[in-house]
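Here are a few exercises to work through with the structure open beside you. Try each task before reading its solution.

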Amino acid sequence: MLQIKNLQVKLEEEDKQILKGVDLEVPAGKVHAIMGPNGSGKSTLSYVLSGRDGYEVTGGEATLEGESLLDMEPEERAAAGLFLAFQYPVEIPGVGNMTFLRTAVNSQRKARGQEEMSSTDFLKLIREKAKDLKIDADMLKRPVNVGFSGGEKKRNEILQMAVLEPKMCILDETDSGLDVDAMRLVADGVNALRSEGRGFLVITHYQRLLDHIKPDVVHIMSNGRIIKTGGPELALEVEKEGYEHLKEEVA
Amino acid sequence: MALPQQKLDATEARIAAHQLPQGGWSAAARTDALARLRAMGLPHPRDEYWKYTRPETLTAPEAPAAASFKADEAPIFGDIDRLTIVFRDGVFDAEASDALEMEGVSIERLDGGPDIHWARDIYGTLEANGQSPVERPLAALNTAFATDGLLIHVTGKAAKPISVVYVHEAETSDAMLHHVVKVDAGAELTLLENGPAAARFNKVMEVDVADTGAFHHIRAQGRDHERRAATHIFARLGQESVFKTFTLTVNGVLTRNECVIELTGDDAVAHVAGACLGDNDFHHDDTVFITHDAVNCESRQVFKKVLRNGAKGVFQGKILVKPDAQKTDGYQISQSLLLDDDSQFLAKPELEIYADDVACSHGSTSGAIDDDSLFYLRARGVPRGIAEDLMTIAFIAEAVQEIEDERLQEEIVGRVEGWLTRRRDA
């Protein structure tokens, strides 16, 4: 589903190489996790895949179901089925959450040549999905993420994911800033979306989230490269031994 | 002091282009206004309050030509239950208007009303009061030469809004209208205005709100691009009265909206808000002067300007708090969203405070669309153009929310969406 080959990325504004040749493949139906210390390039990978400004791809490629992602606009990548759950969801005063969600859903449908969803159908869909994530009507009415707690923001990300039904979901440190209960709620939301046709790439510092979202494969990233790949037991090893140990082992 | 020859000549040239209506109850006020105009002269680019907006096309004897806007979009307020009054190029259109009758309100016209009239005490009086400390010569010109207008006396709670529709047809029409509104104690009226009026429009509205009266004014200045307008509101507010005005302006090569408010009774409330959107040679000027002359009054000025492709926005807003106007609560914000490097926003906020127990705040900002927000929307599949439009509507929301009636808020937002969509699809 998601295929990344020898991806090399530097910052646009300064001469600093962040990704130094990343190779990764996430097949449909699988959950892959990327773990790694601060500054290893995990978040950069998620931003580059979703099309944020400020990065320059200096080599390699990334495809979603065979389509090259790197030439597309961010909105085209979303319509192609890519979804990034932000580490820091953005507050947008003045834009209502519902308006935002409906515009997003219908923009993607339009881009895919599907008919727009009627407001009645949309309302039904939202209410159903919001209920599962314990998002109340008031949160839907408020401007996007404005005045939301950390947990509410992350739940709102998962709501968007549930409503947009992407093919490939990237979760960028979705566990950061969450207490245990909020994390469980978010993980349940993600698990409910696991399906044969959908891939997940879960980026996290800690093993904790992976207790709730069980990965099929774990990658360790360090200094802009994947240095080790293994099963779920690799996450436990990191938790026990730390990253330094792994770095030494690979070196 | 004698006027500079250049100013004197320009003023006399303009006066010569008009005829002073003779006789009737307004004659004395018109003669007085003409004398005042001759003494102050028409605006000149060197005048303190005309530094950012060039007055020549507003003062010239002939109105510059302006094509009228052709679009399929139905005019605003169409779904609102209202009493409609139509002026076509500044001329009253009886056929297109509803009967000038409504419970709680008496409506007459400036042109051809009865000989002794209640409006005599207000016509030209509030305008003359508003000439100090800042001169507003185009308003004096209007008082002298206005050809028509509405005289609205609100005696109770008006059953529905009065909606004045200005239609622009002739390419060189030059309209001058003068409305007088008197709101009695405890009475309430909502006045709607829309349409471009004429190739050039000069309008004065004097509003006298008695104790505990309420006046709401929502206006949409569309849609022709080449039109020019200078409008003035002069309001006097009694005790515990409420005055709220909101203006949406889209298009127009020159719009100058002046609003002069005097809070003369304790506990009165005045809100002046506006949102404008323009492209290219769009030029929009809000000039506001609010005088607090009573205790515990509240005033708000909220202005948002969306400027693109080299458009220009001007804000000159003043709060004057007189020595006895204690407990004044004054707020003023003017912000612009500059969508490119060529657009320009010029703001001159002024506070002049002589009382010592007041709360007055003011702010002015210029900025672009926030990149993080834009990326967030696009990452969810919202195309750049639509994302920018959503952010634009969000930007003006604070001003639109100054309108109390939510249906009217929606009407305004609908207009803005239409304007943005037309540009996106073009």
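**Exercise 1: two helices that meet**

Find the residues through which H7(B) and H8(B) meet.

Step 1. On the H7(B) side, look for B:Gly385, B:Asp389, B:Thr392, B:Ile393, B:Ile396 and B:Val400; in H8(B) they meet B:Gln409, B:Ile412, B:Val413, B:Val416, B:Glu417, B:Leu420 and B:Arg424. Two residues are in contact if their C-beta atoms, placed from the backbone, lie within 7 Å. Helices (H or I, at least four residues) and strands (E, at least two) are DSSP runs, numbered from the N terminus.

Step 2. Sort the residues of this contact by class: seven are nonpolar, three polar and three charged. Here Ala, Val, Leu, Ile, Met, Phe, Trp, Tyr, Cys and Pro count as nonpolar, Asp, Glu, Lys and Arg as charged, and the others, Gly among them, as polar.

A note before going on: this is a predicted model, where local features need pLDDT of at least 70 and side-chain atom pairs count only at pLDDT 80 or more, while totals for chains, interfaces and linings use all residues. Residues are numbered from 1 along each chain as its sequence is written, and chains are lettered from A and ligands numbered from 1 in the order in which they are written.

**Exercise 2: reading an angle**

Work out how H7(B) is oriented relative to H8(B).

Step 1. The two helices pack at an angle of about 150°, with their axes 11 Å apart. Axes are lines fitted to C-alpha atoms, for helices over the stretch in contact, and angles run from 0 to 180 degrees between N-to-C directions.

Step 2. The angle therefore makes H7(B) roughly antiparallel to H8(B) (over 145 degrees).

Now try H6(B) and H7(B): their angle is about 130°, and their axes are 9 Å apart. So H6(B) is oblique to H7(B) (neither under 35, nor over 145, nor 65 to 115 degrees).

**Exercise 3: a glycine in a loop**

Is B:Gly156 buried, exposed or partly exposed?

Step 1. Locate B:Gly156 in the loop between strand E5 (150-154) and strand E6 (162-167) of chain B.

Step 2. B:Gly156 has 14 other C-beta atoms within 10 Å, so this residue is partly exposed (buried means 20 or more, exposed 12 or fewer, and partly exposed in between, with C-beta atoms placed from the backbone).

Step 3. Not counting residues up to four places away in sequence, B:Gly156 touches B:Gly104 and B:Ala187.

**Exercise 4: where the chains touch**

Count the residues that chain B and chain A bring into contact.

Step 1. Chain B has 18 residues in contact with 21 residues of chain A.

Step 2. On chain B, H6 (371-379) and H7 (384-400) are the elements giving two or more residues to this side.
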